[in-house]
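Open the model in your viewer and keep the sequence panel beside it. We will go from stop to stop, selecting a few residues each time.

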Amino acid sequence: MPLRKYQTDIINDVKTAYRKGRQAPCIVLPCGGGKSVIVAEIAKRTAQKGNRVLFIVHRKELCDQIRNTFETWGVDMDLCTIGMVQTICRHIEKIQPPALIITDENHHSKANSYIKIYKAFPHARRVGVTATPVRLDGSGLKGVNDELVIGVNAKWLIENHYLAPYDYYAPSMVDLTEIKTVRGEFDTKSAEKIMLKRAIFGDVISNYKKLADGKQAICYCVSVKHSLAIAEAFNAAGIDARHIDGETPKPERDRIIEMFRNGQIDILCNVDLISEGFDVPDCECAILLRPTKSLTLYIQQSMRCMRYKPGKRAVVIDHVGNYARFGLPDADRQWTLEGRPKQEKNTKQDDKEKTIQCDKCFRVFPAVVKGKRVMICPYCDNLLVSSRRDIKEEKQAVLQKIEGFVLSYDSPDQCNSYSELLSYAKKKGYKSGWAYYQAKKRGMIS
Ligand SMILES: [Zn+2]
């Protein structure tokens, strides 16, 4: 397969960067843009000149995958070492000095292990690849990289049929304010506690049936326990689901992935396994049940279902309001070596990343198009009512914004508004007078 034009452009831009005297450019390209063939081509050309290549990957699962791509691409493997970062670090004195170091998932490269490798080979040229050249705290790659080579963006890839278009739904029912933050990320334990509430399970399944029925989905969970429980809930509802994680024995994992590929399984539940470059078969739906403050993780997980196929339309069901922190997956983001403005301290978001949710069909879409505020839902023509205020600007949980969509409550105590009480009453077959009385008693209406 030949390289696409934009992929060749990127390779040329990398060459230009070296010619300008740069040592370590980083390629920025969305998930699905074909990063691996770009680096394969760079590795191939380097090896053709008789120079050694060292390829650093982040997880052991990726080594075989990359090796396959490189072999297929015709890279001279006698001159190319592919290894996991920790392994290379431990055996660094045994590594033959490379002329070129390629860093996969380059957003990790400020970690000590990577720095150690870079320092061991100070004269090597480097090139990295990532979809998101930022760290968890939003800081950039300055210090390890000296230029960003920015390729086409996700919108362009969708418009040009390299990625599938998608619908983004955000039926959130999780109050994220209850979840603690540890080292910049939501705490697994407290997230797990919330996500294991039974009411949420019912909603995950009913929303899947409502929004993506029959579509193969990858479901991202907060923990192994949570992932197993979600798989079980899907199975109990008659929808074939399996769980896999990093500890699943390889033959077992391969078997499950093969079943998913054959369509014998509808839902594949996991924690973070199917994120960074992990090669899974195509699917049409991503279910986000893992709130994250990592833009990288958000983009990797939500875009996993967008591989292109003619006529395909992907569905993202975000139950945890991830879009409210980051904007839609294909928002046009401005990348710099310095990084992004602090997400939470800076509530004034770039217009391009602002999103709004239709209160009728619950799809999420950009709030501003060509400098103008969107007043009518582009999907269902609904005049956007109270949702005029951007969800993004709300510091509070997303929950309040999308009230009315909560499909099931276990008890009236879980209802936070008159409209939620109304939907609870409807579900239970109570008269609307009951909801009115309850709402009045709780001071929700006067
Ligand atoms: Zn709508």
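Which six strands form an open sheet, and in what order? Select β7, β14, β13, β10, β12 and β11, and you have the sheet in its order, with parallel pairing. Keep in mind throughout that this is a predicted model.

**Stop 1: around the open sheet**

Begin at the two ends of the sheet. β7 and β11 (residues 241-243) are the edge strands, and each has a single partner strand, so one side of each has no neighbour in the sheet. If you look from strand to strand, neighbours are turned by 15 degrees against each other on average, direction ignored.

Now zoom in on β13 and β14. These two strands run parallel and pair over four bridges. To see one of the partnerships, select Leu288 and Asp318: Asp318, in β14, is the bridge partner of Leu288. As general background, the strands of a sheet pair through backbone hydrogen bonds, either parallel or antiparallel.

Add helix α11 to the selection. α11 lies across β7, β10 (217-220), β13 and β14, and runs at about 145 degrees to β13.

**Stop 2: two salt bridges beside α11 and β14**

Select Asp167 and Arg313 and show their side chains. The two meet in a salt bridge, at 2.9 Å from N to O. Asp167 belongs to strand β7 (residues 166-169), while Arg313 sits in the loop between α11 (295-302) and β14 (314-318), so the pair links distant parts of the chain, 146 residues apart. Is each partner buried or partly exposed? Asp167 is buried, with 7% relative accessible area, whereas Arg313 is partly exposed at 34%.

Step back one residue to Lys312 and select Asp282 with it. Their side chains form a salt bridge too, at 2.8 Å from N to O. Lys312 is in the loop between α11 and β14, and Asp282 is in the loop between β12 (267-270) and β13 (285-288); this pair also links distant parts of the chain, 30 residues apart. Lys312 is buried, with a relative accessible area of 6%. Asp282 has a relative accessible area of 19% and counts as buried because the cut-off is under 20%.

**Stop 3: a salt bridge within a helix**

Go to helix α1 (residues 5-19) and select Asp9 and Lys5. Their side chains meet in a salt bridge at 2.9 Å, N to O. What separates the two along the helix? They are four residues apart, which is about one helical turn. Lys5 is exposed, with a relative accessible area of 62%, and Asp9 is partly exposed at 32%.

For a network, select Lys20, Arg22 and Glu147, which salt bridges link together. The structure holds 16 salt bridges.

**Stop 4: strand β4 and its neighbours**

Select strand β4 (residues 100-103) and show its side chains. Which residues lie on each face? Leu100 and Ile102 are on one side, Ile101 and Thr103 on the other, and all four are buried, so both faces of the strand are covered.

Next, bring in the partner strands. β2 (residues 53-57) runs parallel to β4 and is joined to it by four bridges; here Phe55 has Ile102 as its bridge partner. β5 (residues 125-130) is likewise parallel to β4 and joined to it by four bridges, with Thr103 standing opposite Gly128 of β5. Follow the backbone from β4 through helix α5 (residues 112-120) to β5, and you trace a right-handed β-α-β crossover.

**Stop 5: the whole chain**

Zoom out. The chain has 14 helices and 18 strands. Of its 446 residues, 55% are buried. Among contacts with a separation of 6 or more, 72% are between residues 24 or more positions apart.

Finally, colour the chain by pLDDT. The average is 86, and 89% of the residues score at least 70. Select residues 343-347, where pLDDT is below 50: this stretch has eight contacts in the model beyond near neighbours in sequence. Then select residues 386-408, where pLDDT is also below 50; this stretch has 73 such contacts.

Methods: Residues numbered from 1 in each chain as written. Predicted model: local features only at pLDDT ≥ 70, side-chain atom pairs only at ≥ 80, totals over all residues. Heavy atoms only, no water. Salt bridge = Lys/Arg side-chain N within 4 Å of Asp/Glu carboxyl O. Buried < 20%, exposed > 50% of the residue type's maximum accessible area, 1.4 Å probe, protein only. Pairing = 2+ DSSP bridges. Axes fitted to C-alpha atoms, helices over the stretch in contact; angles between N-to-C directions. Contact = heavy atoms within 4.5 Å. Right-handed = clockwise from strand over helix to strand, strands pointing away. pLDDT = per-residue confidence, 0-100.
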